[in-house]
Amino acid sequence: MELIIGILAIALIIGLFLRKKGDNTMDTLSQGCGCLIVAFILLLLFGAIYLL
């Protein structure tokens, strides 16, 4: 449970850097989660390429 809350907090902080003026909290959290998902997928791809 603490892990999920931690991930959401990190996503919210990342979303604060990416937000546009006038965005609400859900828009900010959505942008942060999207950024985290893209970063995780890229990390997996780079790890797979490194192992090959």
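Me: In which helix does Thr 28 lie?

Reply: This is a predicted model, and in it Thr 28 lies in helix α2.

Me: Is Thr 28 buried or exposed?

Reply: Read the relative accessible area: under 20% is called buried and over 50% exposed. Thr 28 has 2% relative accessibility, so the residue counts as buried.

Me: Which residues does Thr 28 touch, not counting residues up to four places away in sequence?

Reply: Leaving out those sequence neighbours, Thr 28 touches Ala 11, Leu 12, Gly 15, Leu 16, Arg 19 and Asp 23.

Me: Which backbone oxygen lies 3.1 Å from a polar atom of the Thr 28 side chain?

Reply: That oxygen belongs to Asn 24.

Me: How many disulfides does the structure hold?

Reply: A disulfide requires two cysteine sulfur atoms within 2.5 Å of each other. The structure has zero of them. Cys 33 is in no disulfide, and the nearest cysteine sulfur, in Cys 35, is 10.0 Å away.

Me: Why does the sulfur of Cys 35 form no bond with the closest cysteine sulfur?

Reply: The closest cysteine sulfur is that of Cys 33, and a separation of 10.0 Å is too far for a bond.

Me: How should I classify Cys 33 and Cys 35 by accessible area?

Reply: Values between the buried and exposed cut-offs are called partly exposed. Cys 33 has a relative accessible area of 26%, so this residue is partly exposed. Cys 35 is also partly exposed, because its value is 33%.

Me: Which residues form a nonpolar patch on the surface?

Reply: The patch consists of Ile 37, Val 38, Phe 40, Ile 41, Leu 42, Leu 44, Leu 45, Phe 46 and Ile 49. Together they have about 930 Å² of accessible area.

Me: Where is Ile 41 found, taking one member of that patch?

Reply: Ile 41 is in helix α2, which covers residues 25-51. With a relative accessible area of 45%, Ile 41 is partly exposed.

Me: How do I set separation along the chain beside separation in space? What are the two values for Ser 30 and Gly 15?

Reply: Take one count in residues and one distance between C-alpha atoms. Ser 30 and Gly 15 are 15 residues apart along the chain, and their C-alpha atoms are separated by 7.3 Å. Ser 30 lies in helix α2 and counts as partly exposed, at 49% relative accessibility.

Me: What are the two values for Leu 51 and Gly 15?

Reply: Leu 51 and Gly 15 are 36 residues apart in sequence, and 32 Å apart in space from C-alpha to C-alpha. Leu 51 is also found in helix α2. Its relative accessible area is 72%, so Leu 51 is exposed.

Me: Where is Met 1 found, and is this residue buried or exposed?

Reply: Met 1 is in the segment before α1, a helix that spans 2-18. At 70% relative accessibility, Met 1 counts as exposed. The C-alpha atoms of Met 1 and Lys 21 are separated by 31 Å, with their positions 20 residues apart along the chain.

Conventions. Residues numbered from 1 in each chain as written. Predicted model: local features only at pLDDT ≥ 70, side-chain atom pairs only at ≥ 80, totals over all residues. Heavy atoms only, no water. Patch = residues over 30% accessible without salt bridge, like charges linked within 9 Å, V, L, I, M, F, W, Y side chains within 5 Å. Areas by Shrake-Rupley, 256 points an atom, 1.4 Å probe, with all protein chains shown as cover. Salt bridge = Lys/Arg side-chain N within 4 Å of Asp/Glu carboxyl O. Helix = DSSP H or I, 4+ residues; strand = E, 2+ residues; numbered from the N terminus. Buried < 20%, exposed > 50% of the residue type's maximum accessible area, 1.4 Å probe, protein only. Polar contact = N/O pair within 3.5 Å; in protein donor to acceptor, adjacent residues only side chain to side chain. Contact = heavy atoms within 4.5 Å.
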